[in-house]
Amino acid sequence: MNDLHYDEETLFELATVAPARRSGRVHMHVGSCSRCAELVASIESFSAALSEPEVWEVQDPDPLQAMPDEGRIRQLQELETRLSTERTVAAMRLSVLLGLRSA
Ligand SMILES: [Zn+2]
């Protein structure tokens with residue numbers, strides 16, 4: 001068992017490189033570590049979802065008319081989680097763009 005894993009930012013950097021161009025120690029580790037591989041897959045899935053145009057479509061044209069029922073509250077909680085993840089990904093991408101992290 002290997003208890004040492006890469007942090008999410010390092011795995012994010014790997015996940016944002018085209019699979020064919022991945023190499024190095026992080027790539028090698030992910031190939032043999034299910035925990036890190038799952039995180040990379042999750043980041044890839046999230047990034048792919050963000051590139052889907054449907055994600056950016058307004059689903060309810062008049063949200064003020066909707067009742068704050070259980071379904072609506074759950075939707076808002078899911079939205080909050082998604083936005084939080086999006087902020088984290090955006091911050092990581094920005095730090096790479098600004099040269100604060102190596103890509
Ligand atoms: Zn690992």
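## A tour from Val40 outwards

Start by selecting Val40: skipping its neighbours within four places in sequence, Val40 is in contact with Leu11, Leu14, Ala15 and Val30. Keep in mind as you click around that this is a predicted model.

Now add the rest of the group. Which residues make up the largest nonpolar core? There are nine in all: Leu11, Phe12, Leu14, Ala15, Val30, Cys36, Leu39, Val40 and Ile43. Colour helix H1 (8-15) and helix H3 (34-50) next, since these are the elements that give two or more residues to this core.

Stay with H1 for a moment. Its buried residues are Leu11, Phe12, Leu14 and Ala15. Turn the view until you look down the axis of H1: the buried residues fall within an arc of 160°, so they line one face of the helix. Why can residues a few places apart end up pointing the same way? An α-helix has 3.6 residues a turn, so those three or four places apart do just that.

What covers the buried residues of H1? Show helix H2 (24-32), H3 and helix H4 (70-97), which are all included in that cover.

Finally, zoom out to the whole protein chain. You'll find four helices and zero strands, and reading along the sequence gives the pattern α-α-α-α. Of the 103 residues in the chain, 9% count as buried. Try looking at contacts too: among those with a separation of 6 or more, 62% come from residues 24 or more positions apart. To finish, go back to Val40 and pick out Val30, one of its contacts and also one of the nine core residues.

Notes. Residues numbered from 1 in each chain as written. Predicted model: local features only at pLDDT ≥ 70, side-chain atom pairs only at ≥ 80, totals over all residues. Core = buried A, V, L, I, M, F, W, Y, C linked by C-beta atoms within 7 Å. Buried ≥ 20, exposed ≤ 12 C-beta atoms within 10 Å, placed from the backbone. Contact = placed C-beta atoms within 7 Å. Arc of directions from axis to C-beta.
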